[in-house]
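Here's a quick tour of ring contacts, charged pairs and one helix. Have the viewer open as you read.

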Amino acid sequence: MESTVSQQLLAFGWSILLGLAVGLLYDLLRPFRLRLPRLTAVLDLLYCLTVGSAVFLFLLRRAGELRMYLLLGIAGGAVLFFCVFSAPLRPVWDFWVDTLAALLALAALPLRWLRGFCKKLWIRGKNLFYF
């Protein structure tokens, strides 16, 4: 199967879009990494596995083999995202992560109440068995 220049150009355009998606994923994980430093290694591993498999599947589907211009397109798309879109979108991601944290805190409120109730029950039960 021969590869024409137009097919290569189309694959290069798709690789730039993949690079933009890779940059977007990294930018989406950044607020979580900053707020939860213990999960940094897990999130980095998740990011590397996701990006690695996406690039592998993309290269396998589009070119069938490793082509340098596709890797340059992916890197160029990521650089384009970080230069153009990352700074304006960072406050948006921070807002949504803060909103998610507030919602999780509200959802955890009944669990805290249940924990306090169980703690009081434990203390009362322990005092009952002393006699």
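A residue is called buried when its relative accessible area is under 20%, exposed when that is over 50%, and partly exposed in between (1.4 Å probe, protein chains only). By that yardstick Tyr47 is buried, with a relative accessible area of 16%.

A word on where the numbers come from: this is a predicted model, so local features need pLDDT of at least 70 and side-chain atom pairs count only at pLDDT 80 or more, while totals for chains, interfaces and linings use all residues. Residues are numbered from 1 along each chain as its sequence is written, and side-chain values use heavy atoms, with hydrogens and water left out.

**Rings**

Rings of Phe, Tyr and Trp (its six-membered ring) count as a pair if their centres lie within 6.5 Å; planes under 30 degrees apart are stacked, over 60 edge-to-face, and the rest tilted. Searching the whole structure turns up five aromatic pairs. In one of them, Tyr26 and Tyr47 have ring centres 5.4 Å apart and planes at 70 degrees, so they meet edge-to-face. Helices here are DSSP runs (H or I, at least four residues), numbered from the N terminus. Tyr26 belongs to helix H1 (residues 5–35) and Tyr47 to helix H2 (residues 40–62), so this pair ties together parts 21 residues apart in sequence. Unlike buried Tyr47, Tyr26 is partly exposed at 26% relative accessibility.

Phe81 and Phe85 make a tilted pair, 6.0 Å centre to centre with 40 degrees between the planes. What separates these two along helix H3 (residues 68–130)? They sit four residues apart, which is about one helical turn. An α-helix has 3.6 residues a turn, so residues three or four places apart point the same way. Phe81 is buried with a relative accessible area of 4%, whereas Phe85 is partly exposed at 39%. Put together, ring pairs link Tyr26, Tyr47, Phe81, Phe82 and Phe85 into a cluster.

**Helix H2**

With 23 residues, H2 reaches 32 Å from its first C-alpha to its last, close to the 33 Å expected at 1.5 Å a residue. That expected span is 1.5 Å times one less than the number of residues. Tyr47 has company in H2: Leu43, Val51, Val55, Phe58 and Leu59 are buried as well. Just after the helix, Gly64 takes a positive phi of about 80 degrees.

**Charged pairs**

Side chains of opposite charge can pair when their charged atoms come close. A salt bridge here is a side-chain nitrogen of Lys or Arg within 4 Å of a carboxyl oxygen of Asp or Glu. The structure holds four of these salt bridges, and the table includes some of them.

| Salt bridge | N to O distance | Sequence separation |
|---|---|---|
| Asp44 (H2) and Arg33 (H1) | 3.1 Å | 11 residues |
| Arg35 (H1) and Asp94 (H3) | 3.7 Å | 59 residues |
| Asp98 (H3) and Arg35 (H1) | 3.0 Å | 63 residues |

Asp44 is partly exposed at 27% relative accessibility. Which residues share a network of salt bridges? Arg35, Asp94 and Asp98 do. Arg35 is partly exposed, with a relative accessible area of 37%. Asp94 is partly exposed at 25%, and Asp98 is partly exposed too, at 40%.
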